[in-house]
Every structure is written in structure tokens, then in C-alpha cells.
Amino acid sequence: MKMFVCIKQVPDPNTAISKLDPATKRLVRSGVSLVLDPGDESTISAAIKLRDKVGNSELVALSMGPASAQEATRRALAMGVDRAILITDPALAGSDAFSTAQVLAAALKKEGADLIFCSTESTDGYTGMVPGGIAEFLGIPQLTFAREITIEGQKAIIKRVIPKGYQTIESTLPAVITIASGSYEAIYPTMKGIMGAKKKTLTQMSLADLGIAATQVGEAGAHERVLSIGKAEARAAGQIIKDDGNAAQQIAEFLQRYQLL
Amino acid sequence: MTPPTISPTGGWLGTTLFVLLFLAALILFGTRVGRLITLLVKARPEDRTDHLNGRVGTFFKVVLGQSGVLRDPIPGIAHFFTFWGFIIIQFGLLNLILGAFNGSLPWLGDNHGFAIVLDVFVVLVALALIVFAIRRGIVRPRQLNSSLHGPWDGFIILGLILLVILTLALVESFEYAASAGAAWTPIGALLYPLLRHINPMTNLVAYRTFWWLHMATVLGFLIYLPRSKHLHLLATPFNVFFRSYKPKGALPLLENIEERDDYGVSKVEQFTWKQLLDGYACTECGRCNTVCPALNTGKPLYPKEIILGAKEALFVRSGEILGENSIYNKLGIAGIKADKTPEEKEAHHEPMVGGIISTEALWACTTCMACMEICPVAIEHVPKIVDMRRSLVMEESAFPQEVTSLFNNIERNGNPWEISNDKRAEWAADLEIPLLAENPEADVLYWVGCMGSFDRRNQQVATSVAKILKAANVNFAILGPEESCTGDPARRIGNEYLWQTQATMNIETLNGYGFNTKTPAVNAEDQGSHGQTTTATLTKHRTIITACPHCFNTIKNEYPQLGGDYEVVHHTVYIDELLANSKLKLPAGFDQRKLTYHDPCYVGRYNDTYEEPRRVLTVINSNGVTEMPRNRNKSFCCGGGGGRVWMEEKVGKRINQTRVNEALSTEAEVLAAGCPFCITMFEDGVKGVEAEEKMKVEDISEIIAHALESK
Ligand code: SF4
Ligand code: SF4
């Protein structure tokens, strides 16, 4: 089976002080430390697990980004992905979710994929639209918020996280599966992985390779415009419960209100 | 040389029989020992031939002087006499053997002085055996249990030694009686009044019978030895001789880390010969178990079983290791339990780690080194444990899940948290402390460490250290964002690669500022005119100080492995120096609270620094230091070392609370510490036992800074 996992390099969400460029209204990506999206690390781990379980399969990491995004694909290779493809082209700068999905879908079509994994959303832009876009462009089903995946013949069955528990749903293959955050522990690369990553193939593709015109993508082809940016509302202070004898009761009620109990 | 009065064998026939028996036993013994030695020869290499003079000295002290076991007085003294009795009895034995050839030992054979010494030791060994038997049979300290040898092993050995001395005494008595006093021995003379009335023929037969019994026992002992815990008798002298002479706080470097096939130890074949010799030398005394903080709070870690586990793994795999063509496998007289049947092999097919040695045990270790400190035969537990962790981390990626973020953060941010390293100097924003980049000529670099830089509680310690340095007019600076995690937690957890990356980076920074005491510097002018380089002598004494024992230990003892040689001291030592040179003046006796001091493992046992912190405390505190029952090299870990502070403690009692309770038992109001991790662990522990009202946890620097401020 041919499996793909779509990944992205993002400003380290844990340390970078997010800066927004008031002119372009976009996230500043230079001068900050860039890492493989931590969410993608779990998605990659989920994909590796499934590849090993299904057997006789190849797992390819697919990313779109500047040449520096190689670092992120290296990490994916070190974690255990078999090979990686980086689509990089100056014309891609400023692409929106629509174009990104279009470009990734073109590469996936060219390669031929049975199963495509994506994180639910990226940790920088949080649009969450790319996986759906890919499914749409490829004309295949999308299974979202998976926390457990099984492959049976030509069928994918997932446990899909919903507010009150989970649903079990299935679809035919090929399909796009998005992973519910927090469902899979990220694999920490072994030394063999780190050293082996240097020898694995990392293919670079340009727009020309995919037969996409520069005008369709990037700033030029963007369908979305960021109209304005503003400060998020400060979070309301939490509730502190002092124990005057019925703290347990109050905590239980609180949890019940959010259907956590 | 006086030949014996009566031949013990009764003629050449008996003597020939004895010679044959003797040779057979020797061959059997030789094969067993040969097999053990071959296993060592086939193991990985390791050089232990440095410091030869020191090695000889230690050998005298520990082996002949028995200094290791004597630290535990009762069994220690008993062992001392058994050991020396054993050696002296060998001479008696030689004498008895020579008797079969109508000869005797030159000098000693007919010497009354020797006869007296020999008999005194016979009695002393008998007394020692009583002590041992009471310990093993009645007191039964838990630490004597062994997974490798059943309880019978100890008793078999005690029985054999008893038989040896008993038959020896009987040989002496009946020989004395049969020769009517010509073969003088004190025991013979003592018992003569009882035996003189027995008919001489009976005495002669008894003499010969016991001679044969004595020989049979000794030869039996010889054959049994290599497969019992008393293998230590043969191995310990070598183990002590080959003990490590490297700084004890340094873990061995994993060389060529980018080009290796394996990273650490998962199979017993990956240990070095010295690590395997440790197993042969283990006396199974269990002293290490008695002091282990993990075991003593209910964790599944028995340091003794780590050593014995490796030994067992070696033995069960010995067939495969030696190879089919090995003479030992062909002879089939294994003597040690190698797996032979397919079922046995199947049972041990899994690697040693995760099989005979459980991973839970490996993760429970705080690397406190209490086990190594107390082991009487210089066995090295911690490097073995870390070697096995290395395999788990770097080969299997199998470690407590909490640690993943630690690794990622150190790798990305240069500190254990999700904090940008740019903020490293923020704690010092209002303190007017120059960065080294602004004051590159500073005499002293204060290495703040991650805890001091980012941890709220420990920022107060860092502030105190800075205040003290200012009060003493020290020209110092900090690195700020140029400082990165030393890598110590990564190395202790087994991520050697991450440690090497961090260390290399920090060494580059420190060398860049000229702190390396060994860097050959190029003299620009010299090179211009003569085209040669000279080794620059450091014009200035430049010291690195740190309040973190873990930073201190790894910079001092481990960075040299990668070419980083620095003069680095723990802040308490530096403060002690400032006091001694009168650079720092303190209001003596200012602090009047009752205080106890906890020796951090990485300052105490790792670097033998016990007195400096106490001296400082004695100056500042009117009551001096009230010691806890376990102090100095017996200090009981806070539970945070070896990366444990980053892992959850799910099993058993809490180590930190155990130590806090010990501190509370001294009725101290202050628990003085010298390590950011100890402070964190203890404050947590104090809260856990609800003793916030009773006792405060303070760094020594805080106590001093407080006094300076109130002056
Ligand atoms: S180093 Fe400490 S925790 Fe580890 S085995 Fe030895 S005594 Fe136990
Ligand atoms: S390792 Fe040392 S202290 Fe522990 S049982 Fe063996 S000899 Fe005794």
C-alpha cells in the first residue's frame, strides 16, 4: 500500500513569539526557529504505526515550503518515514489553503496514493482546510478526527472523535484521514533513524514538475485575502474552588457541565 | 626441611592415588576458570592500565587490608579473619601436601611460630564462621537474598570452610598423638591429653583418614568455587586492581557516535570485559541494596540484581558466545549454567535488557552512586545502568513518555522547557550583571544553568549567588543566551547523542572566550616571524562557577572527553575560598536557626566535596550543622538525579519525602541544600508531608545573601 503523510514546517509554537506583519497581515517566518509542526509529529507516528501494521507498504512524507523546510522532512525521515518529497518553488510564496491543497493534490495524483494522512490543522495558520481540499481535488472521501485506524482489505475504518465519545466510520480507499490531536504519542527518533535519514531520498519538485502554472498559486492565485488582524480576547480567569467541605461536589458538577464525567 | 614423622598416605600407592586425584581436580577447576576467562577475552575491550602505581596501592589497601568490607564492622572483621585465615591455611595445606612426598615447606614446615599462627587463625576462622552462620541463618538480612544462587550456596560454602578447618584441626591432633608429640602444633598439644590413651594404631588411621578428608574437602572447594558466589575469591583482587581511575563522576564516552552500529548495551555481549568481571567479583553481600534510594522506597530496582543479572545473562549465553568450536563447549563440563536445551534458549532468547534485567529497574535509578560508594569490591553499577538506558533511548526509542518533551526542548530551545533560550538572562535584568560578550575579560564566569535561569524558585538562588559575587567584588559575567543546557539530564537518561551535541556547542562557546585551560593558542607574532605555534600559558586565572552540581559535574568531569578542560567549581567551594581569602566578610553566627545540610550526590559522592559547604555554614550559622543520620558519602538522594526529576514517580514511597522526614528528625528549621534539583524535590517533599511550618529549604547562597543584606 502506498501511504502519504502531509507535513509542514512552522515557527516553533512553543517558543516563537508570533509576529504578524502588518503589511501582508501574515505570520513572520524569518528570524524565528522553525520546526516540524508538533501536530504533524503525532500524525507521522500514527502513519508509521499503521504502515508497520499493514505491512508491505511505503510511507512518504509530502511537504510544500521553502528549501529550508528540508529540515522538517529530515525529522520525518528520522522518525521512520521511508522517503520524502518537498515541493518548493519561489512562485508558491503566499499560497492560501486552496492553492496548497491544489498543489499537494497534484503531487499525490502524480505519485498515486492509497492513503493520505493529514493533521486536523496546522499549528501556525489553523485553517484546517487543506485536508478537505486535497480530498476534494482528488475526488476521494475524507475521514476526520481519527483516533484509531484499521485497514481491512480495501476499506479504512476509523474511530472518529466527537464531543461525547467516538463514532466508528468506514470508507473505501483511497481516502484522506485526519488525525485527532493528542491521539498518538510522537515517536522520538532513534540513532539509526537519525543517521539513516541522511541516506533516505528526499525529492524536490517544482511547479513545472507538477504541471501547474505559476499564476494559479502563490500570492497571484490566492482566493483568500486576510482583511484585518487583531488581538485575541484575553481568556477569562478560571474559577478557583476553595475547599469548604463540598469542593469535590463542585468539581464534579463542573466536569459534568462539560460532559467530562 | 624436616620431613613429617609419619607419611600421611602410607606409601607410594597412596601418594600416586593422591596425585591423580589432585590432577583431576586441577583440570576440572582449570576448565571452569578457563571458560570464565575466555568469556572475558571475547568481550569488548577497555583500557584499565593507567595509573599503575595507584592500582598497586589500592590493591594492598582493599584486598590485603580489606578496607572495603571493614566499613561494616561485624561481618567486616569476620571477613578479615576468614580472608587472612584462608591465605595462611594455604601454606598449611602446601605443607600437608608435601608431607605425602616426605617433604615439608622450607622455613615454615617445622617452625613453631608458624604452627601457632596457623592454629590461631583456625580458631579465628571458626569464630568468624559462627558470625556468618548467625547472619545467614538467624539475622538473615534481606540484602543477602540472591536470584542467581539459592540460599544453599552460602551455606555450602560455610560448610566447606568449616570442614576445611575442622579436618585440619583433626589432622593436627591425630598426627600429634600418633607421633607422640613429634609433630608439634598448639591444637595437637591441647588435645593430646584426650587422645594419648587411644591406641597408637587408631590414632594413625584417624590421622590418615582426616588427611584424606581434608584434601577431598579442599579439592571439592576448588571445583565448586567457580560456579558459586565465591568466585569473588578469585575475581575480586583483579576487579579491585582494575578499578576505574577516571573521574568517578564521568560516564564513559560513546565514541564515534555517528558511525557506530550499536548505541549502548542491550545484549550482554556488548559489555566490556571489565563490566563482566564486575559480575564475577560480586560477593552478593547486598550492601548496594541496603543504600539504594530507589529500592528503599519500593521501586523494582535491586542494584545487586543488575550486576548479577548481567552475570546470569553472560552464563546462559556463554554457549553461543564461545562458539560451537570452543574447547569448553566440546568438553561439555560447563560448570556454569549455559543454556543447552532449545526451551532454555528460547526462554533467554530475548535480549538481556527487558528480559533478565527489567527496564523498570533501569528507569528507577537516580544515578546517586550510593551503590558504588559502598560496594566493597569496586563494582561499577551506574555506567552499566546508563549503558543499558542508552540502548533503550537511542536504539529502541523506548523511555518514559514524559521525557520526549525534555529531549525535544533541549534540542530546540537549549533548555528543558518550552521557553526560548533568548530569555535566559531575563532573571538578571535588574541586577546589572554583564554578559560575557560585554565583559569578555571577566575573571569569573557564573554558569547559571537552566534551573537558575528559568525556574522561578531557583532564580532566587541565582540572584543570591550574584549578590555574593558582587559583595566580594568579583569581576564576573554570565553567558545569557549563549549558554545552553549542558546536556547532563540527556546523558544520564541515555541520550548520549544529545549530550554530545550540547557539550560540543558549549565547549565552542567557552573556548571562544578563552576559558579552556589546555587550548594551544597561536601566538600571532611568533607565527609571523618563525612560523611556529606555541602553547600559550594562561595569563589569567579564569574560573567557572555554578550553583548546579549537575552542570558542575558534567563540565568538570565529562567535557574533557570532548576537549573541554576548564577550571570549574561549585559555588559553595568558591564561597569557601572567598571566605578563606577574606574577600568576603560575613557577620559570623548571623543565622541562628537550627540547620541541617543535605549533601547533593553530584557534589558529595561524585566529587568528594563534603567539608567546604559545611565550613561556610558553620561560619554563618551560630549552631553549625546538625547532621542527618545519613550524611556525607552516605547521603540519601533527593530522588531527582539521573533524569528522574523529569519522570513521574509512580511506584512506592516518595524518595524526596523520605529524605525530608529524615531532615525533620533532626528538628532543623532549615534544610540547606546546594543543588537546584534538591531544592525543587525537597520543597515538594516538605509540602507533601505538610511541614511547611516546620522547615524551610534554602540554598547555602541564599542563607549568605540574606545575612549580607541584613548586615
Ligand atoms: S545509583 Fe543510586 S539509585 Fe541507582 S542503583 Fe545505585 S544506589 Fe540505586
Ligand atoms: S555489587 Fe558490590 S555491594 Fe552489591 S552485592 Fe555485589 S559486592 Fe556487594
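Begin at ligand 2: the residues of the shell around it divide into seven nonpolar, three polar and three charged. Keep in mind throughout that this is a predicted model. Select the shell, which holds 13 residues, and colour those that come nearest: C282(B), C285(B), G286(B), C288(B) and C375(B).

Next, zoom out to the whole of chain B. Its C-alpha trace spans about 100 × 65 × 60 Å along the principal axes. With the cartoon on, there are 30 helices and seven strands to find in chain B. Of the 711 residues in chain B, 56% are buried.

Colour chain B by domain. Select 12-241 for domain 1, 260-401 for domain 2, and 404-520 together with 538-710 for domain 3. To see how domain 1 of chain B and domain 3 of chain B are placed, put a marker at the C-alpha centre of each; the two centres lie 51 Å apart.

Now go to the segments that UniProt, in an unreviewed entry, labels "transmembrane region": residues 12-34, 80-101, 113-134, 154-171, 177-195 and 207-225 of chain B. What is the helix content over residues 12-34 of chain B? That stretch is 100% helix and 0% strand, with its end C-alpha atoms 32 Å apart. Select residues 113-134 of chain B next: here too the chain is 100% helix and 0% strand, and 32 Å separates the end C-alpha atoms.

Move on to strand β3 of chain B, residues 543-546. In a regular strand, side chains alternate between the two faces of the sheet. Are the residues on the two faces of β3(B) buried or exposed? T543(B) and I545(B) on one side, and I544(B) and T546(B) on the other, are all buried, and both faces of the strand are thus covered.

Then add the strands that pair with β3(B). Strand β1 of chain B, residues 444-447, runs parallel to β3(B) and is joined to it by four bridges. Show Y446(B) as sticks and look across to its bridge partner, I545(B). Strand β4 of chain B, residues 568-570, is also parallel to β3(B), and three bridges join the two. Here I544(B) has V568(B) as its bridge partner. To follow the chain from β3(B) to β4(B), trace helix α25 of chain B, residues 549-558: the chain crosses through this helix, and the β-α-β crossover is right-handed.

Note on methods:
Residues numbered from 1 in each chain as written. Chains lettered and ligands numbered in written order. Predicted model: local features only at pLDDT ≥ 70, side-chain atom pairs only at ≥ 80, totals over all residues. Heavy atoms only, no water. Near = heavy atom within 4 Å. Nonpolar A, V, L, I, M, F, W, Y, C, P; charged D, E, K, R; others polar. Buried < 20%, exposed > 50% of the residue type's maximum accessible area, 1.4 Å probe, protein only. Pairing = 2+ DSSP bridges. Right-handed = clockwise from strand over helix to strand, strands pointing away. Domains from an automatic or database assignment. UniProt positions renumbered as here; feature names shortened; annotations may be inferred.
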